[in-house]
Amino acid sequence: MAISKADFDYIVQLAQSQAAIVLEPGKEYLVENRLTGLAEQEGFGTLAKFIGKLRSETTINGLHHKSIDALTTNETSFFRDFHPFESLRKHLLPRLIEQRAEARQLTVWSAACSTGQEPYSLAMLLAEHFPQLRDWKITILATDLSPTVLKVAGAGHYSQFEVNRGLPAAYLVKYFTKQGDRWHIKPDLKKNIQFRAMNLIQPWPILPPFDLVFIRNVMIYFDVDTKKMILKRIRNCLLPHGHLFLGTAETTINLDPEYQPVMFDKTVAYNLRPPGGLWAG
Ligand SMILES: C[S@@+](CC[C@H](N)C(=O)[O-])C[C@H]1O[C@@H](n2cnc3c(N)ncnc32)[C@H](O)[C@@H]1O
């Protein structure tokens, strides 16, 4: 049965207030698709009964959180969009490694990492092309709101279909082992990655200063004020010479003038405008 207007409006408000996810009118089918399975799993005969239960609660509880989790869009792939990783390999990382030669430390954040393909792609890139980092302190923080995707990310087990999307065959052989019909990331690649639950619109935990922040294909779901708030918070944890990577359909332009776009071949990254124009790139 189609979702009622009142139930849809309630879910729109829930997704917006708890995760900043904007569900436009016309997305009723999406809500129906994503919540019907959960309603059944939770023992409610119909979606209407399930949403009725959510609406009857006076506080946000586990059922609401499960609903928000189910409403997230988790599309991702290894080396998604390819060019940002090429820019890192060819331009940014060689320079960053020189700049950090004394500290011998690199800290990267994959925010809204979904099922982990992005942080593992970053780890593979570093392992494959920058063996000199082996005795550096490398930290890749990988966060997401959804416990369901974080569980997959932490396990690092992927289907044939998933590894067919974006992963070079040589990397599959080198960094994965096959167990049954799943491909498992080798433990060595996982050792520098920390997976943590984090909702970008809630107060942030104390974060380390980052050399690179990947926050791709998540702000696309947020309204302008939320994007501005998140970009401002990232500013406070981006190191000088640090770079921000957004999804191909995303930008800081008209949202935060403190960032400047930096073009690397086919990729735009962003860094902070230096106070008084003191450093370049
Ligand atoms: C489309 S995926 C993007 C994955 C990856 N960054 C990429 O570009 O391939 C969006 C992810 O954002 C997460 N997300 C949505 N709202 C969020 C929020 N308020 N805080 C943190 N993560 C959120 C979702 O759970 C989902 O895994």
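How far is an oxygen atom of the ligand from an N or O atom in the side chain of Arg 80? The value is 2.8 Å, and it belongs to the second view below.

This is a predicted model, so local features need pLDDT of at least 70 and side-chain atom pairs count only at pLDDT 80 or more, while totals for chains, interfaces and linings use all residues. Residues are numbered from 1 along each chain as its sequence is written, and side-chain values use heavy atoms, with hydrogens and water left out.

**View 1. The shell around the ligand.** There are 22 residues around the ligand (a residue is near if one of its heavy atoms lies within 4 Å). Thr 76, Arg 80, Ala 112, Asp 144 and Asn 217 come nearest. By class, the shell splits into 9 nonpolar, 8 polar and 5 charged residues (nonpolar: Ala, Val, Leu, Ile, Met, Phe, Trp, Tyr, Cys and Pro; charged: Asp, Glu, Lys and Arg; polar: the others, Gly among them).

**View 2. Polar contacts of the ligand.** Here we look at pairs of N or O atoms within 3.5 Å. A ligand oxygen atom sits 2.6 Å from an N or O atom in the side chain of Thr 76. For Asn 199, a side-chain N or O atom is 3.0 Å from a nitrogen atom of the ligand. The protein covers 99% of the 600 Å² of accessible area that the ligand has on its own (Shrake-Rupley method, 1.4 Å probe).

**View 3. An open sheet.** Three strands (DSSP E runs of at least two residues) line up in the order 3-5-4, with antiparallel pairing (at least two DSSP bridges between two strands). Strand 3 (157-158) and strand 4 (176-179) each have a single partner strand, so one side of each is left without a neighbour in the sheet. Tyr 158 has Trp 183 in strand 5 as its bridge partner.

Definitions and conventions: Polar contact = N/O pair within 3.5 Å; in protein donor to acceptor, adjacent residues only side chain to side chain. Helix = DSSP H or I, 4+ residues; strand = E, 2+ residues; numbered from the N terminus.
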